[in-house]
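Reader: I should like a close look at one kind of side-chain pairing in this structure, with the pairs placed in the surrounding fold. Please treat the pairs in turn and then turn to the rest of the architecture.

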Amino acid sequence: MLAKLQPDIPRGPGWVYEPKWDGFRAIVFRGPGGVTIASRDGKPLERYFPEVVAAIEAAVPGPAVIDGEIIIAGAQGLDFDALLQRIHPAVSRINRLAVETPARLVAFDLIGAGDDDLGAVPFAERRRRLAGLLLPHPGVSLTPQTADPEEAAGWFVRYEGAGCDGIIAKTDDLPYVPGERVMVKVKHRRTAECVVGGYRVASKGGGVGSLLLGLYRDDGLLHYVGHTSSFNAAEKVAVQEKLRPLEGGVSFGQGRTPGGPSRWSQGRETDWVGVAGELVCEVSFDYLQGERFRHAARFLRWRPDREPATCTWDQLVPPNPFSLEAILAG
């Protein structure tokens with residue numbers, strides 16, 4: 001079951017709210033023969049998270065189908081990079097990381113229990129049955145929930161410090177509808193002024209495919225933080241013409257640079273054209289993953305009034321840390 005993006009938290013009778021977790025969405029099948037965990041696109045996950053399998057076997061006493069999120073809690077909150085490290089073919093590496101950076105399941109819906117298919121049962125009843133089903137275990141938690149929109153708005157602000165990336169809202173009479181965007185998600189969206197340090201050429205039609213963005217750190221170097229690619233065909237050509245006089249200039253090089261080919265690029269062209277770091281643009285972004293934007297940022301406007309040297313990392317400093325344990329404890 002999916003969620004549609006909205007700018008504001010919905011209000012009114014019947015709405016309930018939960019934190020939006022930043023992890024791997026997972027459907028858990030607890031059967032008499034063991035545990036199977038499927039990703040959102042149906043890929044098996046259990047081999048990558050043996051400690052989560054063991055936790056589910058201990059916390060879920062009988063057959064059940066549970067919707068939830070696999071997360072890893074790091075020193076600075078949710079650690080999505082640590083989750084990515086788990087998708088690895090070497091069993092020895094997975095077993096080592098299961099001890100060093102253990103994952104856990106945050107459960108938020110119950111699709112089936114025993115012989116009962118709960119898909120048509122109202123969400124409030126599914127939630128009640130889920131809470132009654134789970135046995136106490138540090139590796140499996142029930143997500144917090146509130147019916148108070150003001151409390152949810154407070155969570156939206158405070159829980160960002162723990163790495164949560166927004167709020168999920170649903171109605172208490174909602175059936176479970178796989179593949180349909182019947183929930184609501186409200187995500188953080190912030191802006192930053194970034195230096196344009198290079199670009200990648202569009203794969204079709206010519207022009208700029210994406211601008212490569214940088215920010216200055218305390219070391220005085222320009223570090224790559226992500227890209228923006230929100231241009232139509234005419235804009236791609238116009239932006240490339242704007243950048244041509246700056247090609248070959250100094251920008252990235254000593255700081256963190258745009259990556260080359262990797263296991264994530266799947267053979268796509270990753271070459272880039274460096275330009276002198278003289279232009280500044282304002283972009284909006286939803287979330288940081290380590291020291292870069294998780295997703296492509298959205299281009300908003302050029303900022304000729306900003307000096308590149310003033311585009312510093314402190315724009316992206318996250319809010320005060322908030323304990324994940326405090327969230328899960330309610």
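Author: Asp116 and Arg129 form a salt bridge in this predicted model, with their closest N and O atoms 3.2 Å apart. The two residues belong to distant parts of the chain, Asp116 to strand 8 (residues 116–117) and Arg129 to helix 4, and they are 13 residues apart. Asp116 has a relative accessibility of 38% and therefore counts as partly exposed. Arg129 is likewise assigned to the partly exposed class, its relative accessible area being 28%. In general terms, side chains of opposite charge can pair when their charged atoms come close.

A second pair joins Glu193 and Arg306, whose side chains meet in a salt bridge with an N to O distance of 2.7 Å. Glu193 lies in strand 12 (residues 190–201), whereas Arg306 lies in the loop between strand 19 and helix 7 (324–328), so that this pair links parts of the chain 113 residues apart. Here the two partners fall on either side of the 20% limit for burial: Glu193 is buried at 11% relative accessible area, and Arg306 is partly exposed at 21%. The pair also belongs to a wider arrangement, since salt bridges that share partners join Glu193, Glu282, Arg301, Arg303, Asp305 and Arg306 into one network.

A third pair consists of Asp22 and Arg294, whose side chains meet in a salt bridge at 2.5 Å, N to O. Asp22 is in the loop between strand 2 and strand 3, and Arg294 is in the loop between strand 18 (292–293) and strand 19 (298–302), so their salt bridge ties together parts that are 272 residues apart in sequence. Asp22 counts as buried because its relative accessibility is 5%. Arg294, at 18%, also counts as buried. The count of salt bridges in the model comes to 23.

Strand 2, which precedes the loop of Asp22, is part of an open sheet of four strands in the order 1-11-10-2, with mixed pairing. Strand 1 (2–5) and strand 2 (15–19) each have a single partner strand and stand at the edges, which means that one side of each lacks a neighbour in the sheet. On average, and with direction ignored, neighbouring strands of this sheet are turned by 35° against each other. Strand 2 and strand 10 (residues 166–171) run antiparallel and are joined by five bridges; Val16 stands opposite Lys170 in strand 10. Helix 5 (residues 149–158) packs on the sheet, where it touches strand 2, strand 10 and strand 11 (181–187), and its direction makes about 20° with that of strand 2.

The nonpolar interior remains to be described. The largest nonpolar core has 33 residues, of which Ile37, Phe49, Val52, Ile56, Ile66, Ile70 and Leu110 touch the most other members. Helix 4, the element that holds Arg129, is among those that give two or more residues to this core, as are strand 3 (24–31), strand 4 (34–39), helix 1 (50–59), strand 5 (64–74), helix 2 (80–86) and strand 7 (103–113). Neighbours within four places in sequence left aside, Val52 is in contact with Ile37, Ile70, Ala103, Arg104 and Leu105. A second core, separate from the largest, has 32 residues, including Leu211, Phe252, Val283 and Ala297.

Terms used. Residues numbered from 1 in each chain as written. Predicted model: local features only at pLDDT ≥ 70, side-chain atom pairs only at ≥ 80, totals over all residues. Heavy atoms only, no water. Pairing = 2+ DSSP bridges. Axes fitted to C-alpha atoms, helices over the stretch in contact; angles between N-to-C directions. Contact = heavy atoms within 4.5 Å. Core = buried A, V, L, I, M, F, W, Y, C linked by side-chain atoms within 4.5 Å. Buried < 20%, exposed > 50% of the residue type's maximum accessible area, 1.4 Å probe, protein only. Salt bridge = Lys/Arg side-chain N within 4 Å of Asp/Glu carboxyl O.
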